[in-house]
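Please open the model in your viewer and keep the selection panel at hand. The stops below are meant to be taken in order.

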Amino acid sequence: MSEILQIESILNKDYESVDLVSFQEWFENVNKLSKLSVGIIVGPSDDVSLIKDQLDCIELIVLDFNNFDDGRGYSQAYLLSKRWKFPGEIIGINAHLDQLQFMIRSGVTSYVLLDSYLGLDEKDYANGFSICYQEAANNSGLQKKY
Amino acid sequence: MYQYSPEDSNFLVERVDQFEKQLKRHLAGDLDDAKFKSLRLRNGLYMELHAHMLRVAIPYGTLSSTQLRSLASVADKYDRGFGHFTTRQNIQFNWIELPEIANLLRELSDAGLHAIQTSGKATRNITADPLSGLTEGEIEDARPYCELIRRWFNLHPEFSWLPGKFKIAINGAKLDETALRIHDLGLRLVRNNQGQLGFSVFVGGGLGAAAMIAAETASFVEVEDILSYLESTMRIYNLKGRRDHQKKLRIKFLVRELGADEFSRLVNEDWQQTKNDPNLKLNLVELEQLKKDFALPIKSLNLESFEEKVDFNYSIWKKNNVRRHKIDGFSIVNISLTKLGAAPGDATSEQMRILADLAEKYSASELRTTKRQTIVFPYVRKDQVYDLWQSLEKYGLASPHQGTLAQIVACPGRDYCDLAKAVSIPIATRVQERFNDMKRLLDIGDLNINISGCENSCAHHHVADIGLLGMQKNGEEYYQITLAGETLHETVIGKKLGPSVSGKIIVDAVETIVNVYLKNRLDQERFTDVFKRIGIAPFKEKVYE
């Protein structure tokens, strides 16, 4: 199970606060929590296949991208979004500016940048290219060449 | 010859623009060293012992004469007039100034060249047989497949931050010039019983401190399904690969820890979810277009009246450097860049321009690069081979070393590389000096010596007839010897001979090994065949006596 940062809630796309639980807490109290519209924080080492049958009971999912070189979050986002069609938001936290394009195309629906990137132009990095060479969870705005 | 479309060229420019912004932030102190390192490596840029090194991709080893001139220009303008052809169909420039990198990359992009993913923990340059399309018995030219797979994994959103680097080779020929089973992933073009074309897939090969041969994870994947199969392989690696131990990052460690059967099972389980997704099928229309783009630019010639020149030096060069072409009237010419004292694979900008001129005159403006760090002219008319040789001779490029012991593969070693434990190039020079008699070289025949300066094994010493691995012992340089590795007919990791040998006497040890081989050779037996027959003991006995 993951070594997760201690955040307890996050704002959804309607700016409402949603309570968050860790991956471990979710499994320890799944019967109770699945009725409470909570979100889950998933760390890079958490096995997302364990929640694939419970996605209807989860309000939103938060993926942690803090470790710049750890790419597991991109596969987690792809599986949740594209393969298991999670209907809620997938929020990437501790996001790095230079990786936004990868996160968004993998299926992350919104993100919270690390404070160190404040003041830099996100659009430059979120939409760095005009074409894409492969199918992905989200290729909107890109000319497909594959 | 295949060229990038305007959209592809624009993509290269966009990539340079993005990297330039990242570089500016780094130089302004707004992007820390660790993150910048991760980003610069994905653009082929290393920090070496003395300066920055840039690795530029030569996809599937195919270059146009125009591209080679562009590389020569970069060598003059941004380096010290040199480029270094590597064992994986890249070219490296060793003296790059950081602030100039964006302009350099823009110049390359004008020629359809780039350094994208030539390093870093992502899919690297995809290599192919340098003789693709040229030899008899080939299943198919692998290059159109290389190009489609290269594109698919170009800035792939899910697989650009893998646990470790990921090298792919694709072979469509009978012999394996790509060494695909020492790659993270190797694809062999095959036909099944129904005559359908597909791939055998091998995963988990690699050299380094723990050399491993890739295991076959699928005996036949249809061409159309290869992208989804590769994605499933990378997904299992991305999610389950070791990230906790710097020396166990490569996929070979995951395959070893899980076992090849379990790894294949996991990949298959994932693949069943995507195999039928029409968006993940290889684009067969585009494939057909690429096959036309890569079609050979020559037609068979009737040269019955042509008479070969009689010239002793020419005939020696021809024996070692010229190969039969599948198209009547043409030859394949291999050009060795080997020079005493220079790093194997090094070429001056002047040599690059000469080769570009000669390729235009004699080889339909096309060149190939090989893992033995040589240059191939793929389309030389048989009646022009002599003229080409004369021109090469004039410019000092007619070394007849190809296919002899003197065509040594060596990494830059401790003279240039930050990671190396021992020198490589001076050892190569000393071996070449010891074996400088052409009669003796011809008698010995095709025998590979590869020299790596450290366990990273950039010179592929594990798969050479004689492999030397540099190391340090009490401040002195030593070399571990491995024997009878190979990849061409089958993949075999060389056997360690015994305790490492001091650099002072390593050339004596090499000569002793060659002498044991010659003494025991029957007819034209290859080194590996002699080794299989007599075992390691006779070599050991003589080297350590």
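This tour of a predicted model goes from the interface between two chains to an interface between two domains.

Begin by selecting chain A and chain B together, where 35 residues of chain A are in contact with 39 residues of chain B. The area buried between these chains is about 3400 Å², with carbon and sulfur atoms giving 56% of that value. On the chain A side, display A:Phe102, A:Phe129 and A:Tyr133, which lose the most area to chain B and together account for 19% of what that side buries.

Next, turn to the polar side of this interface, across which four salt bridges and 19 residue pairs in polar contact are found. Helix 3 (72-83), helix 4 (100-106) and helix 5 (122-126) of chain A each supply at least two residues of the side that touches chain B, and helix 3 gives the most, with eight residues. By class, that side of chain A has 14 nonpolar, 11 polar and 10 charged residues. For a single pair, pick A:Lys145 and B:Asp8, whose side chains meet in a salt bridge at 2.7 Å, N to O.

Now hide chain A and colour chain B by its assigned domains: domain 1 (6-110), domain 2 (135-290), domain 3 (312-394) and domain 4 (409-543). Keep domain 2 and domain 3 of chain B, whose centres, taken over C-alpha atoms, are 32 Å apart. About 580 Å² is buried between them, 43% of it from carbon and sulfur atoms; in domain 2, B:Thr135, B:Glu136 and B:Arg143 lose the most area to domain 3, together 66% of what that side buries.

Finally, select B:Arg143 with B:Glu366, whose side chains form a salt bridge at 3.5 Å, N to O.

How values were computed: Residues numbered from 1 in each chain as written. Chains lettered and ligands numbered in written order. Predicted model: local features only at pLDDT ≥ 70, side-chain atom pairs only at ≥ 80, totals over all residues. Heavy atoms only, no water. Domains from an automatic or database assignment. Buried area = accessible area lost by both parts, 1.4 Å probe. Contact = heavy atoms within 4.5 Å. Polar contact = N/O pair within 3.5 Å; in protein donor to acceptor, adjacent residues only side chain to side chain. Helix = DSSP H or I, 4+ residues; strand = E, 2+ residues; numbered from the N terminus. Nonpolar A, V, L, I, M, F, W, Y, C, P; charged D, E, K, R; others polar.
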